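Reader: I would like to go through this model with you. Could we begin with the loops and then turn to the sheet and the aromatic rings?

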Amino acid sequence: MMMGERDRREGAEAPVERPQVLLKAVAALEGSGVAELTSGERVEGGVRARYHLKEARYLGALSWKEETLVLVTALYIRFRNPGSDVPPARGHFFVVCLDAEASKVVAHTRLELADCHLDGEILKLGDQAADDFGNHDDLTRYRGYLIGGALLPYPYKDRITEAEWEAGTFRKQSR
C-alpha cells in the first residue's frame with residue numbers, strides 16, 4: 001500500500017529498516033569535512049557566522065545494481081553572533097546521499113527549503129516530481145540529477161567521469 005498525502009501530513013514516514021540510520025546520518029554530516037554540512041563557525045563575506053544542524057530527515061534508501069544509498073535532508077540555521085551585524089537566523093537546506101551504512105556523504109546539493117519525500121524512486125518537492133532516481137541514462141550518469149534547479153552529482157559508482165564523457169569510452173562499457 002502506498003503512502004497517501006493524508007498519511008504524510010499525519011507524520012507517517014518511510015519505514016526505517018535500520019533504526020540508528022538517522023543518528024549515523026547526523027554523524028556522517030558532521031564528520032564529512034564539507035563546511036556547509038557541518039555545524040560551527042565560518043566566515044562569509046568577511047563576517048563570522050555560526051551554523052548548526054537544526055533538522056535531519058530520513059527519506060529512504062535507493063538501490064541500483066548492487067549499491068544502496070541512504071537519502072536524507074538536512075537543514076542548517078545561521079545564528080547571529082553577539083554584537084554582530086550579521087542578519088538573524090537563515091536556513092540552508094540540503095538533499096544528501098550517504099553510503100549504505102549512512103557513514104559517508106556521497107553527494108549533496110543545496111535547495112530552497114522544501115517538503116521533500118520519496119515516492120518510490122521519485123523525489124518529490126511538495127506534490128511536484130523533482131527527479132527520478134530510477135533514471136540511470138548516460139546523461140544522468142554524467143551530469144547528475146536536477147532537483148529544483150540544483151544539480152545533485154550522480155551518486156552511484158557507475159558515474160561517467162568528465163574524461164570518459166569527452167572520450168566517449170562510456171559507450172563501449174555500456175554495451
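**Loops, sheet and rings**

Author: Lys65 has its place in the loop between strand 2 (47–64) and strand 3 (67–79). Please keep in mind that this is a predicted model.

Reader: What is the phi of Lys65?

Author: Phi of Lys65 is near 55°, which is a positive value in a residue other than glycine. Most residues other than glycine have a negative phi.

Reader: And is Lys65 buried or exposed?

Author: The relative accessible area of Lys65 is 63%, so Lys65 is exposed, the cut-off being over 50%.

Reader: Where is Ala102, and what is its phi?

Author: Ala102 lies in the loop between strand 4 (90–98) and strand 5 (105–111). Its phi is near 55°, again a positive value in a residue other than glycine.

Reader: Buried or exposed, in the case of Ala102?

Author: Ala102 counts as buried, because its relative accessibility is 0% and the limit for buried is under 20%.

Reader: Let us move to the sheet. What is the strand order, and how do the strands pair?

Author: It is an open sheet of five strands in the order 1-2-3-4-5, and the pairing is antiparallel. Strand 1 (40–44) and strand 5 are the edge strands, each pairing on one side only. On average, neighbouring strands of this sheet are turned by 35° against each other, with direction ignored.

Reader: Which helix packs on the sheet, and which strands does it touch?

Author: Helix 2 (residues 21–30) packs there, touching strand 2, strand 3, strand 4 and strand 5. The direction of helix 2 makes about 135° with that of strand 2.

Reader: Back to strand 1 and strand 2: how many bridges do they have?

Author: Strand 1 and strand 2 pair in the antiparallel sense over five bridges. Val43 stands opposite Arg48 in strand 2, and Glu44 stands opposite Val47 in strand 2.

Reader: How many residues lie between the strands of that hairpin?

Author: The hairpin of strand 1 and strand 2 has two residues between the strands, and Gly45 takes a positive phi near 60° in this hairpin.

Reader: New topic. How many aromatic pairs does a search of the whole structure find?

Author: The search finds six aromatic pairs. One of them joins Tyr145 and Tyr154, with 5.9 Å centre to centre and 35° between the planes, and this pair is tilted. Another involves Tyr154 and Tyr156: the ring centres are 5.5 Å apart and the planes stand at 55°, so this pair is tilted. The reasoning is that planes under 30 degrees apart would count as stacked and those over 60 as edge-to-face.

Reader: Which residues do the ring pairs link into a cluster?

Author: The cluster consists of Phe133, Tyr145, Tyr154 and Tyr156.

Reader: Are the tyrosines Tyr145, Tyr154 and Tyr156 buried or exposed?

Author: Tyr145 and Tyr154 are both buried. For Tyr154 the relative accessible area is 3%, and Tyr156 counts as buried at 3% relative accessibility.

Reader: Finally, what are the totals for the protein: helices, strands and buried residues?

Author: The protein has five helices and ten strands. Of its 175 residues, 38% count as buried. The accessible surface comes to about 10,100 Å², and 51% of that belongs to carbon and sulfur atoms.

Reader: What share of the contacts with a separation of 6 or more comes from residues 24 or more positions apart?

Author: Residues 24 or more positions apart account for 43% of those contacts.

Terms used: Residues numbered from 1 in each chain as written. Predicted model: local features only at pLDDT ≥ 70, side-chain atom pairs only at ≥ 80, totals over all residues. Heavy atoms only, no water. Phe/Tyr/Trp six-rings, centres within 6.5 Å; stacked < 30°, edge-to-face > 60°. Buried < 20%, exposed > 50% of the residue type's maximum accessible area, 1.4 Å probe, protein only. Helix = DSSP H or I, 4+ residues; strand = E, 2+ residues; numbered from the N terminus. Pairing = 2+ DSSP bridges. Axes fitted to C-alpha atoms, helices over the stretch in contact; angles between N-to-C directions. Contact = heavy atoms within 4.5 Å. Areas by Shrake-Rupley, 256 points an atom, 1.4 Å probe, with all protein chains shown as cover.
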